[in-house]
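I opened my notebook to record what I looked up in this structure. My entries are short.

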Amino acid sequence: MPLGDLVTRLKTSLIPGLNGWAIAGAFFLSASAVAPVLAQAEGSERSDEVIALELNGAQTVSSACRATFVVRNGLSQTIDELGLEIVVFDEKGGVSDMTALNLGAMPAGKTRVLRFRVARRGCDGVSSLLINDVRTCKGAGLDPAGCLSRLKTSSRIEIGLGL
């Protein structure tokens with residue numbers, strides 16, 4: 001029920017002893033129930049602002065796995081520097097490698113394709129990659145924890161990519 005309808009109903013009710021304080025109390029309780037919904041709606045505008053990281057391909061080159069990533073800065077501000085720590089899992093699920101990736105600067109709305117050597121083994125020995133941490137995220141109002149919370153991963157290949 002809309003809050004205005006609730007107040008009108010309370011004002012016109014025939015409950016004995018209903019006074020202005022009772023109406024104010026009911027209004028406060030209704031408003032406090034609505035506040036979290038409004039806050040969530042305000043936060044949903046920011047939920048569209050993500051840093052999308054897609055594992056697009058992987059190829060064995062000189063006995064090492066080279067991964068191709070598609071990165072999109074969906075934030076409203078430029079990322080001056082973005083660095084990630086990646087953990088590589090082998091075909092049995094064990095940790096086989098850890099590496100740092102420097103994705104560089106990303107203007108707002110920019111999509112970029114980048115390639116990195118992620119493992120010292122062929123790609124057929126890699127089951128998944130994990131974004132272990134955001135090591136660096138610099139820009140106006142940005143920090144590593146905030147960028148990690150906005151990072152969304154996906155994979156187009158058999159090797160998984162997750163957070």
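The entries below go through the sheets, the core and a few chosen residues.

**Entry 1: what I am looking at.** I note at the start that this is a predicted model.

**Entry 2: a sheet of four strands.** I looked up the strand order. I found an open sheet of four strands, S5-S2-S1-S7, with mixed pairing. Which strands are at the edges? They are S5 (111–119) and S7 (151–155), and each pairs on one side only. Ignoring direction, I read an average turn of 30 degrees between neighbouring strands of this sheet.

**Entry 3: its pairings, one by one.** I started with S2, residues 64–73, and S5. They run antiparallel and are joined by eight bridges. Here Arg66 stands opposite Arg117 in S5. Next I checked S1 and S2. Their pairing is antiparallel too, over ten bridges. Val61 has Ala64 in S2 as its bridge partner. S1 and S2 also form a hairpin, with two residues between the strands. In that turn, Ser62 has a positive phi of about 50 degrees. Last came S1 and S7. This pairing is parallel, over five bridges. Glu54 faces Ser154 in S7. I now see where the word "mixed" comes from: S2 and S5 run antiparallel, while S1 and S7 pair in the parallel sense.

**Entry 4: another sheet of four.** I found a further open sheet with the order S4-S3-S6-S8, again with mixed pairing. S4 and S8 (160–162) are the edge strands, each paired on one side only. From one strand to the next, the twist averages 25 degrees. How many bridges join S3 and S6? I counted ten, in the antiparallel sense. One of the bridge pairs is Gly83 with Thr136 in S6.

**Entry 5: the core.** I looked up the largest nonpolar core. It has 31 residues. Those with the most contacts inside it are Leu53, Phe69, Leu84, Leu103, Val118 and Leu129. Which elements give two or more residues to this core? They are S1 (51–61), S2, S3 (79–90), S4 (95–106), S5 and S6 (126–138). So strands of both sheets contribute: S1, S2 and S5 belong to one, and S3, S4 and S6 to the other. I added a general remark to the margin: in soluble globular proteins, nonpolar side chains tend to be buried together.

**Entry 6: Leu53.** I left aside its neighbours within four places in sequence. Leu53 then has contacts that include Phe69, Val70 and Val71. Leu84, Leu103 and Ile131 are also among the contacts of Leu53.

**Entry 7: two rings.** I searched for aromatic pairs and found one. Phe69 and Phe116 form this pair, which is tilted. The ring centres are 6.2 Å apart, with 55 degrees between the planes. Phe69 is in S2 and Phe116 is in S5, 47 residues apart. Are these rings buried or exposed? Phe69 counts as buried because its relative accessibility is 1%, under the 20% limit. Phe116 is also buried, at 17%.

**Entry 8: Val134.** This residue lies in S6. Val134 has a relative accessible area of 3%, so it is buried. I compared its position with Gly83, which is 51 residues away along the chain. Their C-alpha atoms are separated by 6.0 Å. Gly83 is among the contacts of Val134, and so are Leu82, Leu84, Pro144, Cys147, Leu148 and Leu151.

Note on methods:
Residues are numbered from 1 along each chain as its sequence is written. This is a predicted model: local features need pLDDT of at least 70, side-chain atom pairs count only at pLDDT 80 or more; totals for chains, interfaces and linings use all residues. Side-chain values use heavy atoms; hydrogens and water are left out. Two strands pair if DSSP finds at least two bridges between them. Axes are lines fitted to C-alpha atoms, for helices over the stretch in contact, and angles run from 0 to 180 degrees between N-to-C directions. A nonpolar core is a set of buried Ala, Val, Leu, Ile, Met, Phe, Trp, Tyr and Cys residues joined through side-chain atoms within 4.5 Å. Buried means under 20% relative accessible area, exposed over 50%, partly exposed in between (1.4 Å probe, protein chains only). Contact means heavy atoms within 4.5 Å. Rings of Phe, Tyr and Trp (its six-membered ring) pair if their centres lie within 6.5 Å; planes under 30 degrees apart count as stacked, over 60 as edge-to-face and the rest as tilted.
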